[in-house]
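Here are some short exercises, each with a worked solution. Have your viewer ready and try each task before reading on.

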Protein chains: 2
Amino acid sequence: MGGSEERLERRRVAKRTAIRAVAVRLALEHGPDAVTVEMISTAADISPRTFFNYFRAKDDAFSIEPHQWTREEILAELRARPADEPPAESMRVVVQAMAVAADFAHLAAEWELLQELYARHPELFSRMRFGEVDATIAALSAEIAARRGTDPARDLYPGMLVGASFAALQAAENQARHGERSLGELIDEAFDLLVQGL
Amino acid sequence: MGGSEERLERRRVAKRTAIRAVAVRLALEHGPDAVTVEMISTAADISPRTFFNYFRAKDDAFSIEPHQWTREEILAELRARPADEPPAESMRVVVQAMAVAADFAHLAAEWELLQELYARHPELFSRMRFGEVDATIAALSAEIAARRGTDPARDLYPGMLVGASFAALQAAENQARHGERSLGELIDEAFDLLVQGL
DNA sequence: GCAGGACTTGCAGTCTCTGCAAAAACTGCA
DNA sequence: TGCAGTTTTTGCAGAGACTGCAAGTCCTGC
């Protein structure tokens with residue numbers, strides 16, 4: 001029973017991936033704006049209506065989807081850290097966990113094409129949904145503030161730490177894309193910079 | 001002649017502001033999604049078509065428009081700093097300049113309502129156009145890398161510094177919204193944290 | 001008062017996205 | 001195999017965002 005659910009989920013993800021692959025290919029060919037949902041659906045052998053069962057919006061089909069993790073999951077990760085650990089160290093662990101969860105490996109096949117697409121159409125970055133990231137930052141900041149016993153509306157530290165942690169993740173991801181070092185290594189290095197001071 | 005152009009521009013901005021005021025009021029009343037362009041236009045005494053002469057998209061009428069500065073301007077600000085200044089100090093100055101340029105004073109009348117709107121509908125944050133910010137971060141990072149004589153694709157420091165600087169701006173803005181201290185003070189404090197290490 | 005330009009508008013049309021209910025496909029199980 | 005329950009897919013109808021175009025209106029300087 002549990003296994004069945006899991007299988008369904010896997011199939012769902014696979015189909016999503018397949019649709020995305022088609023969408024990305026078409027976007028590279030014609031430009032993202034010239035691609036309609038209908039074109040994608042036709043090419044992917046589904047009805048347009050079904051497309052929206054898999055993606056909330058057309059742009060989501062071009063999205064990198066860094067959100068493998070839920071806000072709750074990531075918050076739980078932070079809460080699981082000992083309360084007396086230095087907050088920066090807690091965040092290091094949390095970000096490492098996020099990086100693992102967001103593991104791009106399963107996208108390997110598409111990864112190059114996606115990269116190409118974003119290189120050619122940088123405006124797509126701005127269409128990605130970052131809203132949840134903001135809310136996540138706020139939630140994490142609140143948690144850190146609680147641990148410090150300060151008011152998050154007055155204490156600059158929590159927001160600064162969490163914001164910088166996300167910046168670290170992003171910087172590390174950028175390097176990982178180009179470079180040769182692993183994401184984990186890069187995140188560690190980024191946090192070393194943060195902890196030592198920039 | 002030149003003056004006429006200027007006047008036209010001022011009138012245009014004024015109308016834009018007026019429309020936005022109406023839009024924000026309606027959004028507070030009914031929620032942003034329940035407000036249609038037609039409602040806004042009717043309330044603002046213009047045709048729906050004219051609305052789109054002033055705003056590229058419906059959401060833009062709810063937007064905070066933090067982009068008073070151009071990417072070129074902000075990049076120029078960084079380039080104006082002495083090359084041997086510690087990069088973190090350069091970025092501190094740049095961010096301070098951005099804060100001044102983004103000065104919300106001219107929005108004073110609307111500011112409270114906008115604040116209220118974003119407090120009640122945080123999802124609006126995610127709809128704002130941040131694309132240019134990403135590009136700006138990349139450009140600033142490249143400049144910093146150039147000054148350090150490193151390859152931006154291998155050196156984590158520039159991306160980390162610039163990303164963290166933007167995080168500092170955002171954290172400071174959040175505090176400034178709630179709090180009693182000035183944005184300038186808060187930015188300084190945020191950078192002190194960054195420089196000392198978190 | 002008039003010529004030229006800017007602003008506004010209506011219209012027609014494309015496209016995204018949603019709710020709903022019927023049809024189809026798939027599942028475990030007897 | 002065949003049935004019953006559950007998902008998944010789909011068509012349909014419709015709201016609403018947005019655009020290009022061309023005609024209309026207003027405004028300005030002369």
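**Exercise 1. Which residues come nearest to DNA strand D, and which elements supply the surface there?**

Step 1. Start with the residues: 17 lie around DNA strand D, and A:Ile46, A:Ser47, A:Thr50, B:Ala57 and B:Lys58 come nearest. Here a residue is near a strand if its C-beta atom, placed from the backbone, lies within 6 Å of it.

Step 2. Now the elements. Those giving two or more residues to this surface are helix 1 (2-30) and helix 3 (48-54) of chain A, along with helix 2 (37-44) and helix 3 (48-54) of chain B. Helices (H or I, at least four residues) and strands (E, at least two) are DSSP runs numbered from the N terminus.

Step 3. Sort by class: the surface near DNA strand D has five nonpolar, five polar and seven charged residues. Ala, Val, Leu, Ile, Met, Phe, Trp, Tyr, Cys and Pro count as nonpolar, Asp, Glu, Lys and Arg as charged, and the others, Gly among them, as polar.

A word on the source: this is a predicted model, in which local features need pLDDT of at least 70, side-chain atom pairs count only at pLDDT 80 or more, and totals for chains, interfaces and linings use all residues. Residues are numbered from 1 along each chain as its sequence is written, while chains are lettered from A and ligands numbered from 1 in the order in which they are written.

**Exercise 2. Describe the surface near DNA strand C.**

Step 1. Of the 17 residues around DNA strand C, the nearest are A:Ala57, A:Lys58, B:Ile46, B:Ser47 and B:Thr50.

Step 2. At least two residues each come from helix 2 (37-44) and helix 3 of chain A, and from helix 1 (2-30) and helix 3 of chain B.

Step 3. The classes here are five nonpolar, five polar and seven charged residues.

**Exercise 3. Where does UniProt place the "DNA-binding region" of chain A?**

Step 1. The unreviewed UniProt entry puts this feature at residues 36-55. UniProt positions are given in the numbering used here, feature names are shortened, and annotations may be inferred rather than shown by experiment.

Step 2. Check the span in the model: residues 36-55 of chain A are 75% helix and 0% strand, with end C-alpha atoms 14 Å apart.

**Exercise 4. How many residues does each chain bring to the contact between chain A and chain B?**

Step 1. Chain B gives 36 residues and chain A gives 36 residues. Two residues are in contact if their C-beta atoms, placed from the backbone, lie within 7 Å.

Step 2. On the chain B side, helix 9 supplies the largest share, 14 residues. By class, that side has 20 nonpolar, eleven polar and five charged residues.

Step 3. Next, superpose: chain B can be laid on chain A with an RMSD of 0.8 Å by a turn of 179° and a shift of 0.1 Å along the axis. That is the relation of a two-fold axis. The fit is by least squares on the C-alpha atoms of residues with pLDDT of at least 70 in both copies.

Step 4. Because 100% of the interface residues of chain B are also interface residues in chain A, the copies meet through the same surface.

**Exercise 5. Is A:Asp45 buried or exposed?**

Step 1. Locate A:Asp45 in the loop between helix 2 and helix 3 of chain A.

Step 2. A:Asp45 has 10 C-beta neighbours inside 10 Å, so this residue counts as exposed. A residue is buried if 20 or more other C-beta atoms, placed from the backbone, lie within 10 Å of its own, exposed if 12 or fewer, and partly exposed in between.

Step 3. Finally, look at the backbone: phi of A:Asp45 is near 65°, a positive value in a residue other than glycine.
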